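Student: I have a new model open on my screen, and I would like to talk it through with you. Could you guide me?

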Amino acid sequence: MDSKTFLVPNISCGHCVRTVETELSELKGVRAVKANEKTKQVKVEWEGPATWTAIEKLLTDIDYAPTR
Ligand SMILES: [Cu+2]
């Protein structure tokens with residue numbers, strides 16, 4: 001199981017949190033997603049076939065690109 005906590009600057013309200021959590025949850029292999037509206041941090045836990053590259057791409061595609 002891999003896990004990463006990162007910042008998503010475009011998170012601005014509860015709707016963003018729900019969108020990010022829902023979209024990431026639907027990616028096959030993602031086991032847990034927790035986004036925080038105040039800190040704009042997202043924590044994801046995943047295993048194969050999900051990869052960090054796929055997670056990063058999905059977030060970028062829905063306009064919630066992570067920063068490093
Ligand atoms: Cu929002």
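Tutor: Gladly! Let us start with a working definition: two residues are in contact when heavy atoms of theirs lie within 4.5 Å. Keep in mind, too, that this model is predicted.

Student: Which elements are included in what covers the buried residues of α1?

Tutor: Begin with the residues that need covering: C16, V17, V20, E21 and L24 are buried in α1. With contact taken as heavy atoms within 4.5 Å, the cover over these residues includes β2 (30–35), β3 (41–46) and α2 (52–61).

Student: Why do the buried residues of α1 lie on the same side of the helix?

Tutor: Recall the set: C16, V17, V20, E21 and L24 are the buried ones in α1. They share one side of α1 because the arc they cover around the axis is only 125°.

Student: And which exposed residues does the face turned away from the buried side of α1 carry?

Tutor: A residue counts as exposed when its relative accessible area is over 50%. On the face of α1 turned away from its buried side, the exposed residues are H15 and R18.

Student: What does α1 reach from its first C-alpha to its last?

Tutor: Helix α1 runs through residues 14–25, which makes twelve residues. At 1.5 Å a residue the expected value is 16 Å, and α1 is close to that, with a reach of 16 Å.

Student: Is E21 buried or exposed?

Tutor: E21 is found in helix α1, and beyond four places in sequence E21 is in contact with V33, K34 and A35. The cut-off for burial is a relative accessible area under 20%. E21 has 18%, so E21 is buried.

Student: Which protein donors does the copper ion have?

Tutor: The donor atoms are SG atoms, lying 2.0 to 2.1 Å from the copper ion. One donor residue is partly exposed, with C13 at 27% relative accessibility, while C16 at 6% counts as buried. The protein donors are therefore C13 and C16.

Student: How many disulfides does a search of the whole structure find?

Tutor: A disulfide is a covalent bond between the sulfur atoms of two cysteines. Searching the whole structure for such pairs gives a count of zero.

Student: Which residues have the most contacts inside the largest nonpolar core?

Tutor: This core has 19 residues, and α1, β2, β3 and α2 each supply at least two of them. I11, for one, touches V17, V20 and V42 among others. The residues with the most contacts inside the core are I11, V20, L24, V42 and V44.

Student: Where is the peptide bond that is cis?

Tutor: Most peptide bonds are trans. Here omega is near 5° for a bond that leads into P49, a residue in the loop between β3 and α2. The cis bond runs from G48 to P49.

Student: What is the phi of D63?

Tutor: Most residues other than glycine have a negative phi. K40, in the loop between β2 and β3, has a positive phi near 60°. D63 lies in the segment after α2 and counts as exposed at 55% relative accessibility. Although D63 is not a glycine, its phi is positive, at about 70°.

Notes: Residues are numbered from 1 along each chain as its sequence is written. This is a predicted model: local features need pLDDT of at least 70, side-chain atom pairs count only at pLDDT 80 or more; totals for chains, interfaces and linings use all residues. Side-chain values use heavy atoms; hydrogens and water are left out. Helices (H or I, at least four residues) and strands (E, at least two) are DSSP runs, numbered from the N terminus. The expected span of a helix is 1.5 Å times one less than its number of residues. Buried means under 20% relative accessible area, exposed over 50%, partly exposed in between (1.4 Å probe, protein chains only). The arc is that of the directions from the helix axis to the C-beta atoms. Donors are N, O and S atoms within 2.8 Å of the metal (3.2 Å for Na, K and Ca); water is not among the atoms, so sites may look incomplete. A nonpolar core is a set of buried Ala, Val, Leu, Ile, Met, Phe, Trp, Tyr and Cys residues joined through side-chain atoms within 4.5 Å. A disulfide is a pair of cysteine sulfur atoms within 2.5 Å.
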